[in-house]
Each structure stands twice: as C-alpha cells, then as structure tokens.
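Biologist: I would like to go through the labels given to some residues here and hear the grounds for each. Please start with the term you lean on for accessibility.

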Amino acid sequence: MASVIGCFSLKSTHRGVLPKWRSPRAAVVPNFHLPMRSNEVKNRTNVDDIKSLRLITAIKTPYLPDGRFDLEAYDALVHMQIEDGVEGVIVGGTTGEGQLMSWDEHIMLIGHTVNCFGSSVKVIGNTGSNSTREAIHATEQGFAVGMHAALHINPYYGKTSLEGLVSHFDSVLPMGPTIVYNVPSRTGQDIPPRVVHTVAQSTNLAGIKECVGNDRVEQYTSNGIVVWSGNDDECHDSRWDYGATGVISVTSNLVPRLMRELMFGGKNPTLNAKLLPLIQWLFCEPNPIGVNTALAQLGVVRPVFRLPYVPLPLAKRVEFVNIVKELGRENFVGEKDVRVLDDEDFVLIGRY
C-alpha cells in the first residue's frame, strides 16, 4: 500500500525553480484485523449469563515440585468449588498467577478448565495484558478454546491516556462477553467512570470487577452497570447495600460454601464479621501469598511456590491454624487436618 510521506511543489524564483516543502501527511492504514470468530453456537455464552453470576472464584493454580501445573490438584480444587455452589472461576488471574505463566500455559489451562468443567461452571479467562496486541491474541485464543468470558485489566506500568484505555478495551470487546477489572493498587491507574460508561455502550460488556470501593460500586449500579466487588472484606456490603451483583473472590478458594451464603443468603453481618479475620489474614501480604500458604496448610495443594512468591512466615501459619479451628475445619476445602508446616516443607521454584 502506497503512502505519501512528503512532497514538494515547484516555485519559480529569479534563480530558477526551487522545491517548496510541504509537511508530511501520515499514511492512513485501514484496519484489516478480523476477530478469529466461530459461528458455532453450541458453546456460545450470552452476556446475560455472565451478568447474573454472584459468586466467582479467582481460582488458585497448584504446582508440581518441578514448577509445572499440578492438574490433579487443580481439578480437585475446582470440583470442590462447584460442589459448594461457586458459579464461575477466573482462570489465570492474579490469584491464579497468570502473571507467572507463559501464554501457552495460560491458554492450555483455560482450555483444560472448559473441557473438564465448562458444563458445570462459567470459565472466565484472564486474557488481559498491558499490550493491546497480546490482549487481542490471547482473547482470540481463549474464546477459540471455549472460555465463556474474558477478564481484562487496563494497561499497567506503561500507562496510557483515557482515550487509550477506551481504544484498548474497544479492541477486545467485539470478541465476546467481557469483564473489565479495575484495581489501581496493582496497575497504578484508575479506570474512571467516564471510560467505563463509554465502553459500556458495547453489548459485550458484562460488567466491572471494581476494587476502588463501595461508593464507586454504587455509582455504577445506580446507572445499570453490573459490578462485582473485587474486595472480599467489602463484598457483603457491596452486595446488600450498594447494588453489586456479587463478588470475584479469593477467600472462596478456602470457604466456598460460606462465601456462597454471604452472596445468596441475604444480609448477614454476623457471618461477615465471622469471616473478616480470615480475609484480613489472607491479605496481610500481597495476594496470592496468603491463599497459596493456606491451601498448602490444608493439604489441598503441594507447598510449592513459583518465585517471587514465598510462603507466609511461621507465626502467620500458626495464626491460620487457629483461624481454621475458630471457623470450623468442616467449612474449609479438603479433608486433611490443617498443619502449620515447617519452613523446610516449602519448595520455591525460580525456573519453571
């Protein structure tokens, strides 16, 4: 395709004909990108099916001692979620350590989850990226392997303008049902309401996972935009006082039945207060350190960590044992006794 990068016009002078410079005109390159779509409807998800979900677990990814995925432990954990009433799982999110996966691993795990559990739970793949090119490619692949919806974060570190945010989300929304994820504490940039209201014009926007707080939640829900709380410590009030549809939860990895009761059973400040010590413990260090440590102590996953994550220290592990006893071991996933674990029990993997 030809483009005009600059041109001259001729101007006569007493010394002859000299070229006169004109400013360059940028080439207009049509966007020939077409989404990698399928017309098969057997596995197609209506965006309203995503909007109605109240309890979504940001599922943990377990590892083998060499750092590869422990699919046996993963499958068992997802089974426990489904049995206790979880309606959707986020695969390869922050909790699932998508940031430590290759894209091959990431898409494989999404496809595996759909293949094994897609008829029982909605599979939402975290195919977001701070690179729009990567986000487009991963989202195409995620929908091609059958995920029901995509989770998309705003570009982090190399932040863009508000107009750039709109263009980024508009590049992936045509592919299928989408949840936009706003977590400024991780990205360094808030997705403001004006951006959300702009991208909400797409019929594929299922809603927002919002971590800014309940005032922002109410600002959206009062305007008909679906919101999931991204903060477990606020999700009860988000759901029952501020109009949130539900929660995308870390804590439900551990106590899915109690989190379902919190989202489905009506306003329950007593249960909420009972869960707060566990939630505060889980987030005493950046997620997913707490949930990784807890699931290892419960014997649900091997005590294997992909660096840079390391387990919580001994004093915190002792505290978790006491929390489990207080809430009741029967309310937690798994069947083994909760253990403190020694420091030597943990395996830290740098190459994986």
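Modeller: Buried means under 20% relative accessible area, exposed means over 50%, and partly exposed lies in between. Keep in mind that this is a predicted model.

Biologist: Why is Asp84 called buried?

Modeller: Asp84 has a relative accessibility of 18%. The cut-off for buried is under 20%, so Asp84 counts as buried.

Biologist: What makes the pair Asp84 and Arg257 a salt bridge?

Modeller: The closest N and O atoms of Asp84 and Arg257 are 3.5 Å apart. The limit between a side-chain nitrogen of Lys or Arg and a carboxyl oxygen of Asp or Glu is 4 Å, so the pair qualifies as a salt bridge. The two residues are 173 residues apart: Asp84 is in the loop between helix H2 and strand E4, and Arg257 is in helix H10.

Biologist: Why is Arg257 called partly exposed?

Modeller: The relative accessible area of Arg257 is 39%. Partly exposed runs between the 20% and 50% cut-offs, so the label for Arg257 follows.

Biologist: What makes Arg194 exposed?

Modeller: Its relative accessible area is 52%, and exposed means over 50%. Arg194, in helix H7, forms a salt bridge with Glu163, in helix H5. Their closest N and O atoms are 3.5 Å apart, and 31 residues separate them along the chain.

Biologist: How do you know that Lys316 and Glu319 are separated by about one helical turn?

Modeller: Lys316 and Glu319 are three residues apart in helix H13, which puts about one helical turn between them. An α-helix has 3.6 residues a turn, so residues three or four places apart point the same way. The side chains of Lys316 and Glu319 meet in a salt bridge at 3.2 Å, N to O. Lys316 is partly exposed at 25%, and Glu319 is partly exposed at 32%.

Biologist: Why does Ser238 count as buried?

Modeller: Ser238 has 0% relative accessibility, and buried means under 20%, so Ser238 is buried. This serine is placed in helix H9. Leaving out residues up to four places away in sequence, Ser238 touches Asn214, Val217, Ser229, Gly243 and Ala244.

Biologist: What makes the pair Ser238 and Asn214 a polar contact?

Modeller: The side chains of Ser238 and Asn214 come to 2.3 Å. A polar contact requires N or O atoms within 3.5 Å, one able to donate a hydrogen and the other to accept it, so the pair is listed as a polar contact.

Definitions and conventions: Residues numbered from 1 in each chain as written. Predicted model: local features only at pLDDT ≥ 70, side-chain atom pairs only at ≥ 80, totals over all residues. Heavy atoms only, no water. Helix = DSSP H or I, 4+ residues; strand = E, 2+ residues; numbered from the N terminus. Buried < 20%, exposed > 50% of the residue type's maximum accessible area, 1.4 Å probe, protein only. Contact = heavy atoms within 4.5 Å.
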